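These are my notebook entries on a single structure. I looked up charged pairs, cysteines, the nonpolar core and the aromatic rings, in that order.

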Amino acid sequence: MTAEPVCAGDAPIPVELAEGQAVRWCACGRSAAQPFCDGSHRDCGLGPVAFVAPRAKTYFFCTCKRSGRQPLCDGRHNFMAPAGDR
């Protein structure tokens, strides 16, 4: 059984990455090390998403876990109910 991801935030987290730098984005929303995986997904059926920076720059990683461009933010958090209403 695959669980629904937990919304971990209401805005993307900017992260400066070097060209070729690899990270593991948290897809489940349970990680305490947002936006990256800390292994908290165990037993929920959602694993991390690998991302390798194609060039050096600031990347904006999704925290609502609903982006259509995972792991990067596509602004979908702007159309979600406020955290207190979920």
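Entry 1, salt bridge. I looked up Arg76 in this predicted model and found that Arg76 forms a salt bridge with Asp74. The closest N and O atoms of Arg76 and Asp74 are 3.2 Å apart. I then searched for others and noted that the structure holds one salt bridge. Are its partners buried, exposed or partly exposed? Arg76 has 39% relative accessibility and counts as partly exposed. Asp74, at 31% relative accessibility, also counts as partly exposed.

Entry 2, cysteines. I asked how many disulfides a search of the whole structure finds. The search returned zero. I checked Cys26 for the reason: the closest cysteine sulfur, in Cys28, is 3.8 Å from the sulfur of Cys26, which is too far for a bond. The cut-off I applied is 2.5 Å between cysteine sulfur atoms. Cys62 is likewise in no disulfide, with the nearest cysteine sulfur, that of Cys64, 3.8 Å away. I also recorded burial: Cys26 counts as buried at 2% relative accessibility, and Cys62 counts as buried at 2% as well.

Entry 3, nonpolar core. Which residues make up the largest nonpolar core? I listed 12 residues in all, among them Val15, Leu17, Val23, Trp25, Phe51, Tyr59, Phe61 and Leu72. Cys62 and Cys64 belong to this core too, as do Ala27 and Ala53. I then asked which elements give two or more residues to the core, and found strand 1 (13-17), strand 2 (22-25) and strand 4 (57-61). In general, nonpolar side chains tend to be buried together in soluble globular proteins.

Entry 4, contacts of Val15. I took Val15 from the core list and set aside its neighbours within four places in sequence. Val15 is then in contact with Pro35, Phe36, Lys57, Thr58, Tyr59 and Phe61.

Entry 5, aromatic rings. I counted three aromatic pairs in the structure. One of them joins Phe51 and Tyr59, and I noted it as edge-to-face, with 5.2 Å centre to centre and 70° between the planes. Phe51 is buried at 11% relative accessibility, and Tyr59 is buried at 5%. Phe51 and Phe61 are also paired: their ring centres are 5.5 Å apart and their planes at 90°, so this pair is edge-to-face. This pair links distant parts of the chain, with Phe51 in strand 3 (residues 49-52) and Phe61 in strand 4, 10 residues apart. I recorded both Phe51 and Phe61 as buried. Ring pairs link Phe36, Phe51, Tyr59 and Phe61 into a cluster.

Entry 6, charge over a ring. I returned to Tyr59 and asked what sits over its ring. The charged end of Lys57 does, 5.1 Å from the ring centre. Lys57 and Tyr59 were both on my list of contacts for Val15.

Entry 7, Val49. I located Val49 in strand 3. Its relative accessible area is 24%, so I classed Val49 as partly exposed. Not counting residues up to four places away in sequence, Val49 touches Val23, Arg24, Trp25, Ala27 and Pro71. I noted that Val23, Trp25 and Ala27 are members of the largest nonpolar core. I last looked up Val49 and Cys28: they are 21 residues apart in sequence and 9.8 Å apart in space, C-alpha to C-alpha.

Key: Residues are numbered from 1 along each chain as its sequence is written. This is a predicted model: local features need pLDDT of at least 70, side-chain atom pairs count only at pLDDT 80 or more; totals for chains, interfaces and linings use all residues. Side-chain values use heavy atoms; hydrogens and water are left out. Buried means under 20% relative accessible area, exposed over 50%, partly exposed in between (1.4 Å probe, protein chains only). A salt bridge is a side-chain nitrogen of Lys or Arg within 4 Å of a carboxyl oxygen of Asp or Glu. A nonpolar core is a set of buried Ala, Val, Leu, Ile, Met, Phe, Trp, Tyr and Cys residues joined through side-chain atoms within 4.5 Å. Helices (H or I, at least four residues) and strands (E, at least two) are DSSP runs, numbered from the N terminus. Contact means heavy atoms within 4.5 Å. Rings of Phe, Tyr and Trp (its six-membered ring) pair if their centres lie within 6.5 Å; planes under 30 degrees apart count as stacked, over 60 as edge-to-face and the rest as tilted. A charge sits over a ring if NZ of Lys or CZ of Arg is within 6 Å of the ring centre and within 35 degrees of the ring normal.
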